[in-house]
Amino acid sequence: MRRLLLLSMLLSTVFGVSAADSVITVKGQLRDNMCSVSVGSQDFTVDLQTYATSAFRSVGSTSNPVPFSITLENCGSAASAVKINITGTTDSTNSALLKNTTASGGATGIGVQILDASKAIVRPNQSSSSLSSTNLTANQTNIISYYAQMVSTAATVAAGTVSSTANFTLQYN
């Protein structure tokens, strides 16, 4: 045992075994170009109203667009623009629509479309480079307007509940 101890001491001095200190650097960033999502815009429901199946006479028929908005508040002094990505499960027939995810008693042949303030189609699940920027006013509350509507994906739709879930992600410029 003594020989093993002496041998290990000898080898450690010959080969220079030593402990090294490691450094962990933690970094972050403070930016003044961001806003907070208002409480009323964090979890909400858009009521698309009730329609007769006969209102959807062909593929692409739509219900009336229903307005909704995302309110950004406490915007910093450098807030200038934001990209908003709407994400969710898309319809298998038309990827520009959110899928009707009502399992039991759900309408068929119908999806949900999101439109921007000018009523242009907002395609879900886009890459950041495909998104357009919305201008923001610094040091102000900013309201970003959208619309939602039902769109038929089949020549014949079946009655039932229509429900889709979407999330939104903010990317500040």
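Which backbone nitrogen lies 2.7 Å from a polar atom of the side chain of N142? In this predicted model, the partner is the backbone nitrogen of T137. The side chain of N142 also reaches a backbone oxygen, that of Q140, at 3.1 Å. N142 itself belongs to strand β8 and has a relative accessible area of 8%. That value is under 20%, so N142 counts as buried. Setting aside neighbours within four places in sequence, the contacts of N142 are I70, T71, L72, C75, L136 and T137. T137 thus turns up twice, once as the residue whose backbone nitrogen sits by the N142 side chain and once in this set of contacts.

Stepping back to the whole chain, the protein has 1 helix and 9 strands. Along the sequence these follow the pattern α-β-β-β-β-β-β-β-β-β, with the helix ahead of the run of strands. Of the 173 residues in the protein, 31% are buried. Contacts are mostly long-range in sequence terms: among those between residues at least 6 apart, 86% join residues at least 24 apart.

Strand β8, the home of N142, spans residues 142-152. Here 9 of the 11 residues are buried, so the strand is largely enclosed by the rest of the structure. Two pairings involve β8. Strand β2 (residues 66-73) runs antiparallel to β8 and is joined to it by 7 bridges, with V66 standing opposite A148. Strand β5 (residues 110-116) also pairs with β8 in the antiparallel sense, again over 7 bridges. In that pairing, V112 stands opposite M150. As a rule, side chains in a regular strand alternate between the two faces of the sheet.

Next come the pockets. Rolling a probe the size of a water molecule over the atoms shows where empty space is left. The largest pocket holds about 840 Å³ of space. It is lined by 37 residues, and those closest to its centre are V46, L48, V112, S163 and S164. V112 is therefore a link back to the strand pairing, because it is also the residue opposite M150 in β8. Strands β2, β5, β8 and β9 (167-172) are the elements that each give two or more residues to this lining, and β5 gives the most, with 3 residues. By class, the lining of the largest pocket comprises 22 nonpolar, 13 polar and 2 charged residues.

The second largest pocket contains about 330 Å³ of space. Among its 18 lining residues, I84, D116, V122, S132 and Y146 are the closest to the centre. At least two lining residues come from each of β3 (81-87), β6 (121-122), β7 (133-135) and β8. The class breakdown for this lining is 8 nonpolar, 7 polar and 3 charged residues. Strand β8 is thus listed among the contributors to the largest pocket and among those to the second largest pocket.

A few loop residues deserve a look too. A117 lies in the loop between β5 and β6 and is partly exposed, at 49% relative accessible area. Leaving out neighbours within four places in sequence, A117 is in contact with S145 and Y147. The C-alpha atoms of A117 and F68 are separated by 9.5 Å, although the two residues are 49 apart along the chain.

Two asparagines stand out for their backbone angles. Most residues other than glycine have a negative phi. N74, however, has a positive phi, near 55°, and N139 has a positive phi of about 60° although it is not a glycine. Both sit in loops: N74 in the one between β2 and β3, N139 in the one between β7 and β8. N74 counts as exposed, at 60% relative accessibility. N139 is exposed as well, with a relative accessible area of 55%. The asparagine of the opening question, N142, is instead buried, at 8%.

Conventions:
Residues are numbered from 1 along each chain as its sequence is written. This is a predicted model: local features need pLDDT of at least 70, side-chain atom pairs count only at pLDDT 80 or more; totals for chains, interfaces and linings use all residues. Side-chain values use heavy atoms; hydrogens and water are left out. Buried means under 20% relative accessible area, exposed over 50%, partly exposed in between (1.4 Å probe, protein chains only). Helices (H or I, at least four residues) and strands (E, at least two) are DSSP runs, numbered from the N terminus. On a 1 Å grid over the protein atoms alone, a cavity is a set of points where a 1.4 Å probe fits but cannot get out, and a pocket is an open set with protein on both sides within 12 Å along at least five of seven lines; lining residues have an atom within 4 Å of a point. Grid points are joined across faces, edges and corners, and a volume is the space filled by probe spheres set on the points. Ala, Val, Leu, Ile, Met, Phe, Trp, Tyr, Cys and Pro count as nonpolar, Asp, Glu, Lys and Arg as charged, and the others, Gly among them, as polar. A polar contact is a pair of N or O atoms within 3.5 Å; within protein, one must be able to donate a hydrogen and the other to accept it, and residues adjacent in sequence count only if both atoms are side-chain atoms. Contact means heavy atoms within 4.5 Å.
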